[in-house]
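Biologist: I am new to this structure and would love a close look at a single part of it. Could you take me through the main pocket and then show me what else is worth finding?

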Amino acid sequence: GATRMFGPARKSLVHVLRFEAPTEPGVYPYVCTFPGHWIVMNGTMVVARDTDEAERLLEACQPTIVKVWSLEDFPEVEASREEAVLARGMHAFAKARCSQCHVAAGHGVNLGPDLAESVKKLRGRDLLAHLLDPSLKIDDRYRTVQFVLDNGRVESGVLAGETPDAWKIRPNLLTPDVIKLIAKETVEEQISSRVSPMPAGLLNVLTRREILDLLSFVEAGDELPSGLSAHGHPVRD
């Protein structure tokens, strides 16, 4: 089943979806079918007999490690603009959880560097090298800084600004609205991390084909077919 489209510009602001829930235990996905929205607007309905069974079903759905990939595993790469390849690459973008911190053509969450800007400087194998090893070059705007305090504690986060008396940091990029103040007078040492906030090994849950498809999707930037872009337009009721 599906709901009708609704929102501030429409007469209907509420729509109730009634459906018959499955009786067979399993994990049932649901998505927003507006072009491109599925990559962040999605979820799963778990049907189980008890909590333990639900947890086992969800655990079985988690991606497993395919291989610890390195750049040497890809002596040659070539991006494609075929729609089928880009669609598979968009799926890989979600599977590797890139969308939790990055936006690509309107897909994802804007917590990390803008990939549309990144692909203007990095292409092909150079871009792949940075996807496989996020710490090759770290944008200062997303570099984690450690503050060693006079009480022996260490506070860390991404710099978000400063006041005359304090540093502002984001302790966790997944909660960008949470800002913590570190009094400057308590800081004994300030150390910039050489390790990217982006975890290494995210692409290890992908196959070789999926990685190459992901590379094509990211390299396409904002130039995606309308059916894959979150910037598409809905069909009106």
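Modeller: Happy to; we start with the pocket and then move on to a sheet, a helix and a histidine. Please keep in mind that this is a predicted model.

The largest pocket has a volume of about 1100 Å³. Its lining is made up of 45 residues, and the ones closest to the centre of the pocket are His 102, Pro 113, Pro 134, Ser 196 and Met 198. If you would like to find the walls by element, look for α2 (83-95), α3 (115-118), α4 (124-132) and β6 (154-162), the elements that each give two or more residues to the lining. As for the character of that lining, 24 of its residues are nonpolar, eleven are polar and ten are charged.

Strand β6 is a good bridge to our next stop, the sheet. β6 belongs to an open sheet of five strands, ordered β8-β7-β6-β5-β9, and the pairing is antiparallel. At the edges are β8 (180-183) and β9 (187-192), each of which pairs on one side only. Going from one strand to the next, the twist averages 50 degrees. To see one pairing in detail, follow β7 (residues 166-170), which is joined to β8 by four bridges, with the two strands running antiparallel. Ile 169 has Lys 180 in β8 as its bridge partner.

Now for helix α5, residues 208-220. With 13 residues at 1.5 Å a residue, α5 should span 18 Å, and its end C-alpha atoms are 19 Å apart, so the two values agree. Is this helix enclosed or open to the outside? Eleven of its 13 residues are buried, so α5 is largely enclosed by the rest of the structure. Among the buried residues are Ile 211, Leu 212, Leu 214, Leu 215, Phe 217 and Val 218, and the buried set also includes Glu 210, Asp 213 and Glu 219. After α5 comes Gly 221, with a positive phi near 60 degrees.

Our last stop is back towards the beginning of the chain. His 15 sits in the segment before β1 (26-31). With a relative accessibility of 31%, His 15 counts as partly exposed, because that class lies between the 20% limit for buried and the 50% limit for exposed. Arg 4 is eleven residues away from His 15 along the chain, and their C-alpha atoms are separated by 7.0 Å.

Note on methods
Residues numbered from 1 in each chain as written. Predicted model: local features only at pLDDT ≥ 70, side-chain atom pairs only at ≥ 80, totals over all residues. Heavy atoms only, no water. 1 Å grid on protein atoms, 1.4 Å probe; cavity = no way out; pocket = protein on both sides within 12 Å on 5 of 7 lines; lining within 4 Å. Points joined across faces, edges and corners; volume = space filled by probe spheres on them. Nonpolar A, V, L, I, M, F, W, Y, C, P; charged D, E, K, R; others polar. Expected span 1.5 Å × (residues − 1). Buried < 20%, exposed > 50% of the residue type's maximum accessible area, 1.4 Å probe, protein only. Pairing = 2+ DSSP bridges. Axes fitted to C-alpha atoms, helices over the stretch in contact; angles between N-to-C directions.
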